[in-house]
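I opened this entry to record what I looked up, going from the whole chain down to single rings.

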Amino acid sequence: MSQHQVGWVGLGSMGLGMSKNLQNYLSTTSAPPLIYTNRTLSRGKDLEALGATPVETVKEVALKSKIIFSCVSNDAILQQTTEEILSAGFKGKIFVDCSTVHPETSVKVAAQIEAAGGEFVAAPVFGASAMAEAGKLIFVTAGPSSAKSRITPYLKDVMGRSIIDMGTEVSKSSLLKIAGNICVISFMEVISEAHVFAEKTGLGSNILETMIGDMFGPVLESYSKRLTTGAYAPAPNGKAGFGVELAMKDAKHALSCAKVAGTRLEVSEIALAHMAKANEFAAGRPLDSSSMYGTIRMDAGLDFFTDLCKERDSKK
């Protein structure tokens, strides 16, 4: 199994770290080097330095690979990627998508791949880009058991620390990923409100962050630090850890699924509105998914940017 040619499509903030860990694994098992492509191919220079092979098109990846992984930014790009893969013929091959997409998109892609004689595994991940770089992601997989068995060696202790198996219905993995995103977006909204409350009442953000870490642990403390370090609004020439537009896409998927199911996600609705207002206010500069903090600050009569952000930006 380890001798199969593996391909990769998509080198965003998550895909680059994931693919580097995969290439490192392949190099230790005497397997062929990873073949990869990306819209901006130069983004893979660090991956190429590890021994991976760049190619110009998705079709070329598909022609040369038995197992193909993708991690792309949205549903439309995944659909385009699927069509390019299928143009190469896909009988007897496996396509593994790690993107966060609507369950209906996963179902559609699975049907297309199966009609071409291949197998599709939906495998979205939990974890930020730092966890992708460290190989500590949580994979949520759904699809044919035979395909999941064949890809497991590439996931566990390579790109991720664990796997949650959701069975054969690919929509289930997408739904669990969306449920997780509901939690993350809601945490960011509530922590942002708490920080504005702390500033307006004179309590202060430092003591609030200490309490969050002591009471709720390192994960929520890390969310708090995205606000207190200014990461919610990176410098104009900086890069967001997870872009607000991607977070808005994820929130819209959650709201869509909730509507179909006959329920509401009121915190997600509020968070989406706050993110949209932040994106409009700071148009043209990078914003993190935690940038609802800036909106909540403005609603409370504070500046969108904290003093730390303004001091940082003045030095650029």
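**Overall form.** I started with the radius of gyration. The model is predicted. For 316 residues, a compact globule would come out near 20 Å. The chain has 20 Å, so it agrees with that expectation. I then took the box along the principal axes: the C-alpha atoms fill roughly 65 × 45 × 35 Å.

**Elements and contacts.** I counted 14 helices and nine strands in the chain. Next I looked at contacts with a separation of 6 or more. Residues 24 or more positions apart account for 71% of them.

**Surface and charge.** I noted that 50% of the 316 residues count as buried. About 14,000 Å² is exposed by the chain, and carbon and sulfur atoms supply 57% of that area. I also checked the charges. There are 32 positive and 32 negative ones, and their mean positions lie 4 Å apart.

**Phenylalanine 242.** I found this residue in the loop between α10 (218–228) and α11 (244–261). Is phenylalanine 242 buried or exposed? Neither: its relative accessible area is 28%, so it ranks as partly exposed. I listed its contacts, leaving aside neighbours within four places in sequence. They are Ala247, Asp250, Leu287, Asp288 and Ser289. For serine 289 I also have the C-alpha separation from phenylalanine 242: 5.7 Å, with the two positions 47 residues apart along the chain.

**Aromatic pairs.** How many aromatic pairs does the structure hold? I get 10. I looked up tyrosine 25 with tyrosine 154, an edge-to-face pair with 6.1 Å centre to centre and 85° between the planes. This pair links distant parts of the chain, 129 residues apart: tyrosine 25 sits in helix α1 (residues 15–28) and tyrosine 154 in helix α7 (residues 145–155). Tyrosine 154 has a relative accessible area of 0%, so I logged it as buried.

I went on to phenylalanine 187 and tyrosine 223. Their ring centres are 6.3 Å apart. Their planes meet at 40°, which is why I call this pair tilted. Phenylalanine 187 belongs to helix α8 (residues 170–201) and tyrosine 223 to helix α10, so here too distant parts of the chain are linked, 36 residues apart. The two partners differ in burial. Phenylalanine 187 is partly exposed at 36% relative accessible area, whereas tyrosine 223 is buried at 12%.

**Ring cluster.** My last look-up was a cluster joined by ring pairs. Its members are Tyr232, Phe281, Tyr293, Phe304 and Phe305.

Terms used: Residues are numbered from 1 along each chain as its sequence is written. This is a predicted model: local features need pLDDT of at least 70, side-chain atom pairs count only at pLDDT 80 or more; totals for chains, interfaces and linings use all residues. Side-chain values use heavy atoms; hydrogens and water are left out. Helices (H or I, at least four residues) and strands (E, at least two) are DSSP runs, numbered from the N terminus. The radius of gyration is taken over C-alpha atoms; the globule rule is 2.2 Å times the number of residues to the power 0.38. Buried means under 20% relative accessible area, exposed over 50%, partly exposed in between (1.4 Å probe, protein chains only). Contact means heavy atoms within 4.5 Å. Accessible areas come from the Shrake-Rupley method with a 1.4 Å probe; for residues, only the protein chains shown count as cover. Lys and Arg count as positive and Asp and Glu as negative; His and the chain ends are not counted. The place of a charge is taken as NZ of Lys, CZ of Arg, CG of Asp or CD of Glu. Rings of Phe, Tyr and Trp (its six-membered ring) pair if their centres lie within 6.5 Å; planes under 30 degrees apart count as stacked, over 60 as edge-to-face and the rest as tilted.
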